[in-house]
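Trainee: I would like to go through this model and ask what lies behind the words used to describe it.
Mentor: Go ahead.

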Amino acid sequence: MEVKPSDAQQRVAGLTASAAAKVLRIQVPSIWFFYRRRYEKLMGFTTDEGICIAADINHMDTARAVLHEMRHAWQRQSPEWRYRSQTLRERDAILFELGWPR
Ligand SMILES: [Zn+2]
């Protein structure tokens, strides 16, 4: 179910996605939000349609989740990365989220 997060969270997500898109040289994807069930840890996921971010997380986690999912969005468009293992793709997304490699 799609939900509407706060305007501030939408701005944080939008600005972070725009900056990451420039760095990654991809289009800014559609961004939408979901509510997590209790005990659910997932903060975001990526599909061919865009990225989806948890609506109940703080702004810092929103920025990190967007960076992480933007890297996955980039991987999907990369002939080199698209078919690499889940483990490698996940590690690469975490490194991007943490700001490395620069
Ligand atoms: Zn991931």
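**Pairs, edges and crossings**

Mentor: Start in the sheet: the bridge partner of T46 in β3 is I51. Keep in mind that this is a predicted model.

Trainee: What makes β2 and β3 count as paired?
Mentor: Two strands pair if there are at least two bridges between them. β2 and β3 have 4 bridges, in the antiparallel sense, so by the cut-off of at least two they are paired. They also form a hairpin, with 2 residues between the strands.

Trainee: In which sense do β1 and β3 pair?
Mentor: In the parallel sense, over 5 bridges, with β3 covering residues 50-54. Within β3, C52 stands opposite W32.

Trainee: Why is the pairing of the sheet called mixed?
Mentor: β1 pairs with β3 in the parallel sense, whereas β2 pairs with β3 in the antiparallel sense. The 3 strands form an open sheet, in the order β1-β3-β2, and its pairing is mixed.

Trainee: Why do β1 and β2 stand at the edges?
Mentor: β1 (30-34) and β2 (44-47) each have a single partner strand, so each has one side without a neighbour in the sheet. From one strand to the next, the twist averages 20°.

Trainee: Now the helices. Why is α2 called oblique to α3?
Mentor: Helix α2 (residues 59-77) and α3 pack at about 135°, and their axes are 8 Å apart. Angles over 145 degrees count as roughly antiparallel and 65 to 115 as roughly perpendicular, so an angle between those ranges is oblique. That makes α2 oblique to α3. The crossing of α2 past α3 is right-handed.

Trainee: Which residues make the contact of α2 with α3?
Mentor: On α2 they are R64, L67, H68, R71, H72 and Q75, and on α3 they are R89, D92, A93, I94, F96 and E97. By class, 4 are nonpolar, 3 polar and 5 charged.

Trainee: How do α1 and α2 cross?
Mentor: The axes of α1 (residues 7-24) and α2 come within 9 Å and cross at roughly 35°. This crossing is right-handed. Residues in the contact include V12, A13 and T16 of α1 and V66, L67 and M70 of α2. The contact has 12 nonpolar, 4 polar and no charged residues.

Trainee: How do you know that the span of α3 is close to the expected one?
Mentor: The expected span is 1.5 Å times one less than the number of residues. Helix α3 (residues 86-97) has 12 residues and reaches 16 Å from its first C-alpha to its last, close to the 16 Å expected.

Trainee: What follows α3?
Mentor: G99, with a positive phi near 90°.

Notes:
Residues are numbered from 1 along each chain as its sequence is written. This is a predicted model: local features need pLDDT of at least 70, side-chain atom pairs count only at pLDDT 80 or more; totals for chains, interfaces and linings use all residues. Axes are lines fitted to C-alpha atoms, for helices over the stretch in contact, and angles run from 0 to 180 degrees between N-to-C directions. Angles under 35 degrees count as roughly parallel, over 145 as roughly antiparallel, 65 to 115 as roughly perpendicular and the rest as oblique. A crossing is left-handed if the near helix is turned anticlockwise from the far one by less than a right angle, and right-handed if clockwise. Two residues are in contact if their C-beta atoms, placed from the backbone, lie within 7 Å. Ala, Val, Leu, Ile, Met, Phe, Trp, Tyr, Cys and Pro count as nonpolar, Asp, Glu, Lys and Arg as charged, and the others, Gly among them, as polar.
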